[in-house]
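Trainee: I would like to understand how the words used for a structure are justified. Could we go through some of them together?
Mentor: Yes, let us take them one at a time.

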Amino acid sequence: MKFTRKASAQWKGSGKEGGGTLTTASKVLENTQYSFNTRFADGKGTNPEELVGAAHSGCFAMQLSFLLGEAGYTPDTLDAEATLTFEDGAITHIQLDLSGKVPGIDAGEFEKIAGKAKEICPISKLLDTDISLSVTLI
């Protein structure tokens, strides 16, 4: 399977005082504001690191769902959260926290399949950083 996806950014002004917008082809983000304050403080809007976290947690959860299905399990819920650490101009670590309710699976098998999902999800493979995973079976 091969496909493309598209997103764009527009920035106006200096790095600290300026601002920009992000738009995705799907229009889920449409002229969504980002700036120095949304990236390095608590300003209203989004930031690249938050979007990477959303992409990573979403990719991981979907990949895990596929792998669970291949193993004969259907999850009731998979809740994944990605916490990114930004340090000295780089994303240095991502902590994936997973909790899931999967009928019929034991904790060891759930953790094993989740570990595989972490390794093979396309966003994990894209990122050049340390990624750790904590797993809780509900």
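Trainee: What makes Cys-121 count as buried or exposed?
Mentor: Bear in mind that this is a predicted model. Cys-121 has a relative accessible area of 0%, and buried means under 20%, so Cys-121 is called buried.

Trainee: Why is Cys-59 called buried, and what is its relative accessibility?
Mentor: Its value is 17%; since the cut-off for buried is under 20%, Cys-59 falls within that class as well.

Trainee: How many disulfides are found in the whole structure, and how do you know that Cys-59 is in no disulfide?
Mentor: A search of the whole structure finds zero. For Cys-59, the nearest cysteine sulfur belongs to Cys-121 and is 3.3 Å away, whereas a disulfide needs two cysteine sulfur atoms within 2.5 Å, so this pair is not counted as one. Seen from Cys-121, the nearest cysteine sulfur is that of Cys-59, again at 3.3 Å.

Trainee: Where is Glu-49 found, and why is Glu-49 described as buried?
Mentor: Glu-49 is part of helix α2, which covers residues 48-70. Its relative accessibility is 12%, and because buried means under 20%, Glu-49 counts as buried.

Trainee: Which residues is Glu-49 in contact with, leaving aside its neighbours within four places in sequence?
Mentor: They are Arg-39, Leu-84, Phe-86 and Ile-91, where contact means that heavy atoms lie within 4.5 Å.

Trainee: What makes β4 and β6 edge strands in their sheet?
Mentor: The sheet is open and has three strands in the order β4-β5-β6, with mixed pairing. Strands β4 (77-87) and β6 (130-137) each have a single partner strand, so one side of each has no neighbour in the sheet. On average, neighbouring strands here are turned by 15° against each other, direction ignored.

Trainee: How do you know that β5 and β6 pair?
Mentor: At least two bridges are needed for two strands to pair, and β5 (residues 90-101) and β6 share eight bridges in the parallel sense, so the condition is met. Asp-97 stands opposite Ser-134 in β6.

Trainee: Which strands does α2 lie across?
Mentor: Helix α2 lies across β4, β5 and β6, and runs at about 145° to β4. Helix α3 (residues 107-120) also lies across β4, β5 and β6, running at about 150° to β6.

Notes:
Residues are numbered from 1 along each chain as its sequence is written. This is a predicted model: local features need pLDDT of at least 70, side-chain atom pairs count only at pLDDT 80 or more; totals for chains, interfaces and linings use all residues. Side-chain values use heavy atoms; hydrogens and water are left out. Helices (H or I, at least four residues) and strands (E, at least two) are DSSP runs, numbered from the N terminus. Buried means under 20% relative accessible area, exposed over 50%, partly exposed in between (1.4 Å probe, protein chains only). Axes are lines fitted to C-alpha atoms, for helices over the stretch in contact, and angles run from 0 to 180 degrees between N-to-C directions.
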